[in-house]
Structure formats: C-alpha cells, structure tokens
Amino acid sequence: MKSMSRGIIFGLVVGFGALIFGHVFEGGHIESLLQFTAAFIVFGGTAGAVLVSHPFKDIRKSWWLLTKNDKKNSEAHYKHVFAMIVDCAKVARKETLSVLEQKIPKIPDPFVQKVLRTIMDGVSPMVTREIYLAELEAEESEMYGWAKVWSDAGGFSPTIGIIGAVLGLIHVMSNLSDTKQLGSGIAVAFVATIYGVGLANLVFLPFSNRLKKKIAHIIDHKRALLKAALLVRSDESLVVIHNQMESVKVEIEKQRTG
C-alpha cells in the first residue's frame, strides 16, 4: 500500500492534536477520550453505512486514489511528454507513418498513446477530440463517485455518533442506581458524539475535498494533453505548433499551482 502524502499526515496530526491539547489544557485526561465502545459504534456504524451505499470496488478505488503518489502529475513528466509530442509532430511531416508508430510506445503516457494511435488510424482530429472528451467526462464522473465515498462517510458518522450517544443514555437510564455504570454510560454518550463529529470534519470531509481537487487536476491535465496530441497531425508549421505546445504547458502549470 502506498503511503499517504506528508500533507495528509501533517493535517491529521495538527487537527487531532489541537483537540487533544485543548481537552488536556482544560483539565481533562486523554484516557477519558479513549472509549472502545464509542469507537466501535461510530467506526462500525459508519463503515456499514458506506458499504451499503457504495460498491466495494469504489471504496477500494477511493482509498487508492487518495494515497496514490502519481509521478505522472509532476512537472518533469509533462515536460517530457510535451517534448515527445513535438518530436512526433516533426516525424509526421518528415518521415513515414511507420516511423511515427515506432515512437508512440515510447511516450510515457498511455492516454497520449491512445490519442495518437487513433489519429494514426485515420480518424480526423475533430472526431478524435470528441471521442476522448467524452471518455474524459466519463472518467471524471467515475472518479467523483469515488470521492463521494468520503463525503458520504462524513455525512453518516455524526449521525452514528448521535446514535451512540442515545445508546449511552439508554444505558445510563437503565442503571441509575449504579454510579459506576452511570459514569461509563455518560462517557460513551459524549465521546461517541465527539468521535462522529470529529471524524467527519477532520478526516472524511477533508479527504473528499482533497480527492475532488486531485480529480479536477487529473482531468484538466488530460484535456491539455489531448489538445497537444491533436497538433501532431495539424497543418500548421512546426513553429506554430511549438508555440501552441508552450501555451498548453503554461495552462497546465497554472492548473497545478491554482
């Protein structure tokens, strides 16, 4: 399993650390926040609700995409791909198509390879553009479904926490004569609520927001690469194509830093 990014780990440490520090600063004890019953109710209930709401494949993909450290989104990767696309554009004008076919497998981006092969098959750039824009739209919709796994978990966990609180109060009401049972029941009630609301706002919803931003960048980058790949069979001069490539590279850089 690929490790989480440092940003995610740092954010979790800061978020939960602030809650724990605030609790201790007010005179509370860390042990009072460690309630197995409350954790079991919130984690188990939220997991069950998510499993009912989403196919297991989407749940697995949501975790994979969140923790994926994709080198294909790096600046070096895009510079390399663009350089190879320019090289393919030169070959398309000076050499035979068979030479271009030999260069396509060397491009380190499967999406660009597919686009170029489609063009090599004689499909017009306009039709190719429509084909792959539709494919990207479908891919974007699927990935946003993965992000929804986390946003749904963020919606479920506070409610499950309230259910845990109610269960704790029921336990309290049935054991009013036993002060030991009374204390543990009240603890479960309040801690379950903290677990539910805390997980939603510090883990699940932030994870969903992070995924949405990551998905938007991936799709925007692929749209830019599609635009660049279509220039390979353009009637424009190599100078014009190179300038257009540079504008697309600038567009991608803005998307990465935006």
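# Exercises: burial, rings and charges

Phe-111 has a relative accessible area of 5%, so Phe-111 is buried. Buried means under 20%, exposed over 50%, and partly exposed in between (1.4 Å probe, protein chains only). The model is predicted: local features need pLDDT of at least 70, side-chain atom pairs count only at pLDDT 80 or more, and totals for chains, interfaces and linings use all residues. Residues are numbered from 1 along each chain as its sequence is written, and side-chain values use heavy atoms, with hydrogens and water left out.

**Exercise 1. State the mean pLDDT of the chain, and find the elements with the lowest and the highest mean.**

- Step 1. pLDDT is the predictor's confidence in each residue, from 0 to 100. The chain averages 81, and 79% of the residues score at least 70.
- Step 2. Helix H9 (residues 238-257) has the lowest mean, 62, and H2 has the highest, 92. Helices are DSSP runs (H or I, at least four residues), numbered from the N terminus.
- Step 3. Where pLDDT is low, do not read the predicted coordinates in detail.

**Exercise 2. Count the aromatic pairs, then classify Trp-64 with Trp-146.**

- Step 1. Rings of Phe, Tyr and Trp (its six-membered ring) pair if their centres lie within 6.5 Å; planes under 30 degrees apart are stacked, over 60 edge-to-face, the rest tilted. The structure holds 6 such pairs.
- Step 2. The Trp-64 and Trp-146 ring centres are 6.4 Å apart and the planes stand at 80°, so this pair is edge-to-face.
- Step 3. The pair links distant parts of the chain: Trp-64 sits in helix H3 (residues 56-67) and Trp-146 in helix H7 (residues 125-173), 82 residues apart.
- Step 4. Trp-64 is partly exposed at 34%, whereas Trp-146 is buried at 6%.

**Exercise 3. Do the same for Phe-111 and Tyr-132.**

- Step 1. The centres are 5.7 Å apart and the planes are at 90°: edge-to-face.
- Step 2. Phe-111 belongs to helix H6 and Tyr-132 to helix H7, 21 residues apart.
- Step 3. Tyr-132 is buried, at 6% relative accessibility.

**Exercise 4. Place Thr-118 and list what it touches beyond four places in sequence.**

- Step 1. Thr-118 lies in helix H6 (residues 110-120) and is buried, at 13%.
- Step 2. Contact means heavy atoms within 4.5 Å. Thr-118 touches Val-123, Thr-128 and Tyr-132.

**Exercise 5. Count the salt bridges and examine the one between Asp-87 and Lys-103.**

- Step 1. A salt bridge is a side-chain nitrogen of Lys or Arg within 4 Å of a carboxyl oxygen of Asp or Glu. The structure holds 7.
- Step 2. The closest N and O atoms of Asp-87 and Lys-103 are 2.9 Å apart.
- Step 3. Asp-87 is in helix H4 (residues 75-94) and Lys-103 in helix H5 (residues 97-103), so the pair ties together parts 16 residues apart in sequence.
- Step 4. Asp-87 is partly exposed at 32%, and Lys-103 is partly exposed at 25%.

**Exercise 6. Trace the network that includes Asp-220 and Arg-223.**

- Step 1. Their side chains meet in a salt bridge, 3.4 Å from N to O.
- Step 2. Both lie in helix H8 (residues 179-229); they are 3 residues apart, so about one helical turn separates them.
- Step 3. Asp-220 is partly exposed at 26%, and Arg-223 is partly exposed at 31%.
- Step 4. Salt bridges with shared partners join Glu-140, Asp-220 and Arg-223 into one network.

Notes: Helices (H or I, at least four residues) and strands (E, at least two) are DSSP runs, numbered from the N terminus.
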